[in-house]
Amino acid sequence: MQAVSVAHFWRLGEQVSSSKAPARRATALDAELFAIRLGVVKATSFDVKCIIIITDSLTAARRAVDASVHSGQAHSLAIVQALRGFFTNHSDRLIHFWDCPSKAQWSLHFLAHEDATSTKIAAGCHPATSLDALQSKSAAARATRAILNHASIGEFRQCFFPAECTYCPCGHCQVETCRHIFANCRRFAYFPLTDLVPTVKDFVKFLKEHPSAFAFSSQDRPPSKLPEPP
Ligand SMILES: [Zn+2]
(Lines give C-alpha, C1' and ligand atoms only; values in the text may rest on other atoms or scores of the structure.)
Protein backbone atom coordinates (compact mmCIF):
# COMPACT_ATOMS: atom_id res chain seq x y z
CA MET A 1 0.00 0.00 0.00
CA GLN A 2 1.03 3.59 -0.60
CA ALA A 3 1.05 6.29 2.02
CA VAL A 4 -1.79 8.78 1.56
CA SER A 5 -1.62 12.53 2.19
CA VAL A 6 -4.72 14.53 3.01
CA ALA A 7 -5.44 18.20 3.65
CA HIS A 8 -8.80 19.60 4.74
CA PHE A 9 -9.53 23.29 4.30
CA TRP A 10 -11.66 25.17 6.80
CA ARG A 11 -12.67 28.80 6.67
CA LEU A 12 -14.78 30.64 9.23
CA GLY A 13 -15.80 27.36 10.89
CA GLU A 14 -16.82 25.52 7.73
CA GLN A 15 -14.94 22.98 5.64
CA VAL A 16 -14.71 24.47 2.17
CA SER A 17 -12.54 21.92 0.37
CA SER A 18 -10.18 18.97 0.71
CA SER A 19 -7.26 17.44 -1.17
CA LYS A 20 -6.06 13.85 -1.13
CA ALA A 21 -3.21 12.22 -3.03
CA PRO A 22 -1.11 9.04 -2.90
CA ALA A 23 2.32 9.76 -1.44
CA ARG A 24 3.91 6.75 -3.14
CA ARG A 25 6.22 4.62 -0.99
CA ALA A 26 7.17 7.08 1.71
CA THR A 27 7.73 7.46 5.44
CA ALA A 28 5.09 9.03 7.65
CA LEU A 29 7.21 12.18 7.73
CA ASP A 30 7.32 12.34 3.92
CA ALA A 31 3.55 11.87 3.77
CA GLU A 32 2.99 14.62 6.35
CA LEU A 33 5.23 16.98 4.39
CA PHE A 34 3.20 16.22 1.26
CA ALA A 35 -0.01 16.94 3.19
CA ILE A 36 1.41 20.32 4.24
CA ARG A 37 2.22 20.98 0.59
CA LEU A 38 -1.36 20.20 -0.40
CA GLY A 39 -2.60 22.51 2.34
CA VAL A 40 -0.28 25.43 1.65
CA VAL A 41 -0.67 25.38 -2.14
CA LYS A 42 -4.45 25.29 -1.87
CA ALA A 43 -4.72 27.80 0.98
CA THR A 44 -2.54 30.35 -0.79
CA SER A 45 -4.90 30.22 -3.77
CA PHE A 46 -7.63 31.73 -1.58
CA ASP A 47 -7.87 35.46 -0.87
CA VAL A 48 -6.86 35.23 2.79
CA LYS A 49 -4.46 37.08 5.05
CA CYS A 50 -3.78 34.39 7.63
CA ILE A 51 -3.19 30.66 7.13
CA ILE A 52 -3.08 28.19 10.03
CA ILE A 53 -1.51 24.79 9.27
CA ILE A 54 -2.45 22.11 11.81
CA THR A 55 -0.01 19.21 11.76
CA ASP A 56 1.10 16.39 14.04
CA SER A 57 4.73 16.90 13.06
CA LEU A 58 6.77 20.01 13.76
CA THR A 59 9.63 18.22 12.02
CA ALA A 60 7.55 18.19 8.83
CA ALA A 61 6.66 21.84 9.44
CA ARG A 62 10.35 22.74 9.63
CA ARG A 63 11.07 20.76 6.48
CA ALA A 64 8.23 22.56 4.74
CA VAL A 65 10.22 25.80 4.64
CA ASP A 66 13.64 24.18 4.24
CA ALA A 67 14.67 24.26 0.57
CA SER A 68 17.94 22.37 1.12
CA VAL A 69 18.50 18.80 -0.11
CA HIS A 70 16.46 16.28 1.90
CA SER A 71 13.83 13.60 1.43
CA GLY A 72 10.71 15.23 0.02
CA GLN A 73 12.63 18.32 -1.14
CA ALA A 74 10.24 18.71 -4.09
CA HIS A 75 7.38 19.26 -1.62
CA SER A 76 9.38 21.91 0.24
CA LEU A 77 10.22 23.73 -2.98
CA ALA A 78 6.55 23.79 -4.00
CA ILE A 79 5.63 25.15 -0.57
CA VAL A 80 8.31 27.85 -0.64
CA GLN A 81 7.23 28.89 -4.13
CA ALA A 82 3.59 29.16 -3.03
CA LEU A 83 4.55 31.16 0.07
CA ARG A 84 6.72 33.52 -1.95
CA GLY A 85 3.69 34.49 -4.01
CA PHE A 86 1.56 34.70 -0.86
CA PHE A 87 3.88 37.08 0.94
CA THR A 88 5.23 39.19 -1.93
CA ASN A 89 3.94 42.75 -1.60
CA HIS A 90 1.72 41.72 1.36
CA SER A 91 3.52 42.49 4.61
CA ASP A 92 0.30 41.94 6.61
CA ARG A 93 -0.06 38.25 5.69
CA LEU A 94 0.72 35.48 8.18
CA ILE A 95 1.13 31.71 8.32
CA HIS A 96 1.10 29.73 11.57
CA PHE A 97 2.01 26.08 12.18
CA TRP A 98 0.10 24.44 15.05
CA ASP A 99 1.42 21.23 16.55
CA CYS A 100 -1.48 18.84 17.24
CA PRO A 101 -0.56 15.25 18.27
CA SER A 102 -2.77 12.65 16.57
CA LYS A 103 -3.44 10.97 19.91
CA ALA A 104 -5.13 14.16 21.13
CA GLN A 105 -7.85 13.47 18.54
CA TRP A 106 -8.68 17.16 18.18
CA SER A 107 -11.60 17.25 15.80
CA LEU A 108 -10.20 19.25 12.88
CA HIS A 109 -6.95 17.32 12.77
CA PHE A 110 -8.55 14.00 13.64
CA LEU A 111 -10.93 14.15 10.65
CA ALA A 112 -8.05 14.61 8.23
CA HIS A 113 -5.99 11.94 10.01
CA GLU A 114 -8.87 9.44 9.77
CA ASP A 115 -9.39 10.35 6.13
CA ALA A 116 -5.75 9.56 5.35
CA THR A 117 -5.45 6.35 7.36
CA SER A 118 -8.75 4.91 6.11
CA THR A 119 -7.82 5.37 2.44
CA LYS A 120 -6.09 2.36 0.90
CA ILE A 121 -4.26 2.70 -2.43
CA ALA A 122 -2.26 -0.19 -3.90
CA ALA A 123 1.43 0.50 -4.44
CA GLY A 124 1.59 -1.08 -7.89
CA CYS A 125 4.62 -2.81 -9.37
CA HIS A 126 7.18 0.00 -9.29
CA PRO A 127 6.04 2.85 -7.04
CA ALA A 128 8.25 5.90 -6.65
CA THR A 129 10.12 5.67 -3.37
CA SER A 130 11.30 8.55 -1.22
CA LEU A 131 14.88 8.91 -0.05
CA ASP A 132 13.88 8.39 3.59
CA ALA A 133 11.85 5.30 2.67
CA LEU A 134 14.90 3.82 0.96
CA GLN A 135 17.14 4.65 3.91
CA SER A 136 14.64 3.12 6.32
CA LYS A 137 15.55 -0.24 4.77
CA SER A 138 18.87 0.06 6.57
CA ALA A 139 17.13 -0.15 9.97
CA ALA A 140 18.81 -3.52 10.81
CA ALA A 141 22.35 -2.15 10.55
CA ARG A 142 21.43 1.01 12.46
CA ALA A 143 19.69 -1.01 15.15
CA THR A 144 22.90 -2.97 15.71
CA ARG A 145 24.86 0.25 16.07
CA ALA A 146 22.35 1.67 18.53
CA ILE A 147 22.15 -1.49 20.65
CA LEU A 148 25.93 -1.83 20.82
CA ASN A 149 26.39 1.93 21.28
CA HIS A 150 28.91 1.65 18.46
CA ALA A 151 27.74 4.43 16.18
CA SER A 152 28.98 7.74 14.87
CA ILE A 153 27.63 9.77 17.78
CA GLY A 154 29.18 12.03 20.41
CA GLU A 155 29.07 9.40 23.16
CA PHE A 156 31.14 7.05 21.02
CA ARG A 157 33.64 9.74 20.09
CA GLN A 158 33.96 10.80 23.75
CA CYS A 159 34.99 7.23 24.60
CA PHE A 160 37.24 6.34 21.66
CA PHE A 161 38.22 9.69 20.13
CA PRO A 162 38.19 12.13 23.07
CA ALA A 163 39.85 14.87 21.03
CA GLU A 164 36.91 14.99 18.63
CA CYS A 165 33.67 16.96 18.99
CA THR A 166 30.93 15.34 21.09
CA TYR A 167 28.14 17.85 20.41
CA CYS A 168 24.86 16.73 18.89
CA PRO A 169 24.22 18.26 15.42
CA CYS A 170 20.97 19.70 16.82
CA GLY A 171 23.14 22.15 18.76
CA HIS A 172 21.39 21.57 22.09
CA CYS A 173 23.39 18.77 23.71
CA GLN A 174 27.07 18.78 24.65
CA VAL A 175 27.35 14.98 24.47
CA GLU A 176 25.17 13.27 21.87
CA THR A 177 24.03 10.14 23.71
CA CYS A 178 21.68 7.35 22.62
CA ARG A 179 19.19 8.52 25.26
CA HIS A 180 19.25 12.05 23.86
CA ILE A 181 18.72 10.75 20.33
CA PHE A 182 15.81 8.56 21.37
CA ALA A 183 13.94 10.97 23.62
CA ASN A 184 15.10 14.56 23.42
CA CYS A 185 16.75 15.43 20.11
CA ARG A 186 14.62 17.71 17.97
CA ARG A 187 16.05 16.07 14.84
CA PHE A 188 14.11 12.93 15.75
CA ALA A 189 11.04 14.44 17.37
CA TYR A 190 8.50 12.90 14.98
CA PHE A 191 8.35 9.64 16.94
CA PRO A 192 10.45 9.94 20.12
CA LEU A 193 11.20 6.94 22.33
CA THR A 194 10.41 8.27 25.77
CA ASP A 195 10.17 4.90 27.56
CA LEU A 196 13.42 3.98 29.31
CA VAL A 197 12.87 0.38 28.15
CA PRO A 198 11.13 0.65 24.77
CA THR A 199 9.55 -2.31 23.06
CA VAL A 200 11.30 -3.82 20.05
CA LYS A 201 8.35 -2.73 17.91
CA ASP A 202 8.71 0.90 19.00
CA PHE A 203 12.50 0.72 18.65
CA VAL A 204 12.24 -0.46 15.04
CA LYS A 205 9.54 2.09 14.30
CA PHE A 206 11.77 4.86 15.65
CA LEU A 207 14.57 3.81 13.29
CA LYS A 208 12.24 3.56 10.30
CA GLU A 209 10.68 6.95 10.98
CA HIS A 210 14.11 8.55 11.39
CA PRO A 211 16.35 7.16 8.63
CA SER A 212 19.28 9.38 9.60
CA ALA A 213 19.36 8.10 13.20
CA PHE A 214 22.59 6.13 13.75
CA ALA A 215 23.42 6.46 10.04
CA PHE A 216 26.65 7.75 8.62
CA SER A 217 25.96 11.02 6.87
CA SER A 218 27.96 14.12 6.05
CA GLN A 219 24.85 16.12 6.97
CA ASP A 220 25.08 14.85 10.55
CA ARG A 221 28.48 16.27 11.30
CA PRO A 222 28.30 18.11 14.61
CA PRO A 223 28.85 21.86 14.75
CA SER A 224 32.26 23.07 15.78
CA LYS A 225 30.67 24.54 18.90
CA LEU A 226 27.28 24.98 20.47
CA PRO A 227 25.42 28.14 19.37
CA GLU A 228 25.33 31.09 21.72
CA PRO A 229 22.09 31.35 23.74
CA PRO A 230 19.66 33.98 22.36
ZN1 LIG B 1 20.25 16.52 19.43
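Domain bounds here come from an automatic or database domain assignment. With that said, the chain is divided into domain 1, residues 4–117, and domain 2, residues 135–220. Keep in mind that this is a predicted model.

Let me start with the whole chain. It holds nine helices and four strands. Reading from the N terminus, the order is β-β-α-β-α-α-β-α-α-α-α-α-α. Along the principal axes, the C-alpha trace spans about 60 × 45 × 35 Å. How does the radius of gyration of the chain compare with that of a compact globule? A compact globule of 230 residues would come in near 17 Å, and the chain has 19 Å, which agrees. Of the 230 residues, 28% count as buried. Now contacts. Take those with a separation of 6 or more: 61% of them join residues 24 or more positions apart.

Next, the two domains. Their centres, taken over C-alpha atoms, are separated by 28 Å. How many residues are in contact between domain 1 and domain 2? Six residues of domain 1 are in contact with five residues of domain 2. On the domain 1 side, helix 1 and helix 2 are the elements that give two or more residues. By class, that side has three nonpolar residues, three polar residues and no charged ones.

Now the inside. In soluble globular proteins, nonpolar side chains tend to be buried together. In this chain, the largest nonpolar core has 20 residues. Which of them touch the most other members? They are Ala-23, Ala-31, Leu-33, Phe-34, Ala-35 and Ile-36. Three elements give two or more residues to this core: strand 1 at 4–11, helix 1 at 28–43, and helix 2 at 58–64. Helix 1 gives the most, with nine residues. Look at Ala-35 on your screens. Leaving out residues up to four places away in sequence, Ala-35 touches Ser-5, Val-6 and Ala-7. Apart from this core lies another one, of 15 residues. Its members include Ala-139, Ala-146, Phe-206 and Leu-207.

Back to the start of the chain, and the hairpin. Strand 1 and strand 2 run antiparallel, and eight bridges join them. Strand 2 covers residues 14–22. One pair to find in the structure: Val-4 stands opposite Pro-22 of strand 2. Two residues sit between the strands of this hairpin.

That brings me to backbone angles. Most residues other than glycine have a negative phi. Two residues here are worth showing.

The first example is Leu-12. Its place is in the loop between strand 1 and strand 2. Phi of Leu-12 is positive, near 50°. Is Leu-12 buried or exposed? Leu-12 counts as exposed, because it has 5 C-beta neighbours inside 10 Å, and the cut-off for exposed is 12 or fewer.

The other example is Asn-89. Where does Asn-89 lie? Asn-89 is in the loop between helix 3, residues 73–87, and strand 4, residues 94–99. Phi of Asn-89 is also positive, near 65°. Asn-89 is exposed, because 6 other C-beta atoms lie within 10 Å.

To recap. The chain is divided into two domains, 4–117 and 135–220. Helix 1 gives nine residues to the largest nonpolar core, and helix 1 is also among the elements on the side of domain 1 that touches domain 2. Leu-12 has a positive phi, and so does Asn-89. Thanks.

Technical notes:
Residues are numbered from 1 along each chain as its sequence is written. This is a predicted model: local features need pLDDT of at least 70, side-chain atom pairs count only at pLDDT 80 or more; totals for chains, interfaces and linings use all residues. A nonpolar core is a set of buried Ala, Val, Leu, Ile, Met, Phe, Trp, Tyr and Cys residues joined through C-beta atoms within 7 Å. Two residues are in contact if their C-beta atoms, placed from the backbone, lie within 7 Å. Two strands pair if DSSP finds at least two bridges between them. Ala, Val, Leu, Ile, Met, Phe, Trp, Tyr, Cys and Pro count as nonpolar, Asp, Glu, Lys and Arg as charged, and the others, Gly among them, as polar. The radius of gyration is taken over C-alpha atoms; the globule rule is 2.2 Å times the number of residues to the power 0.38.
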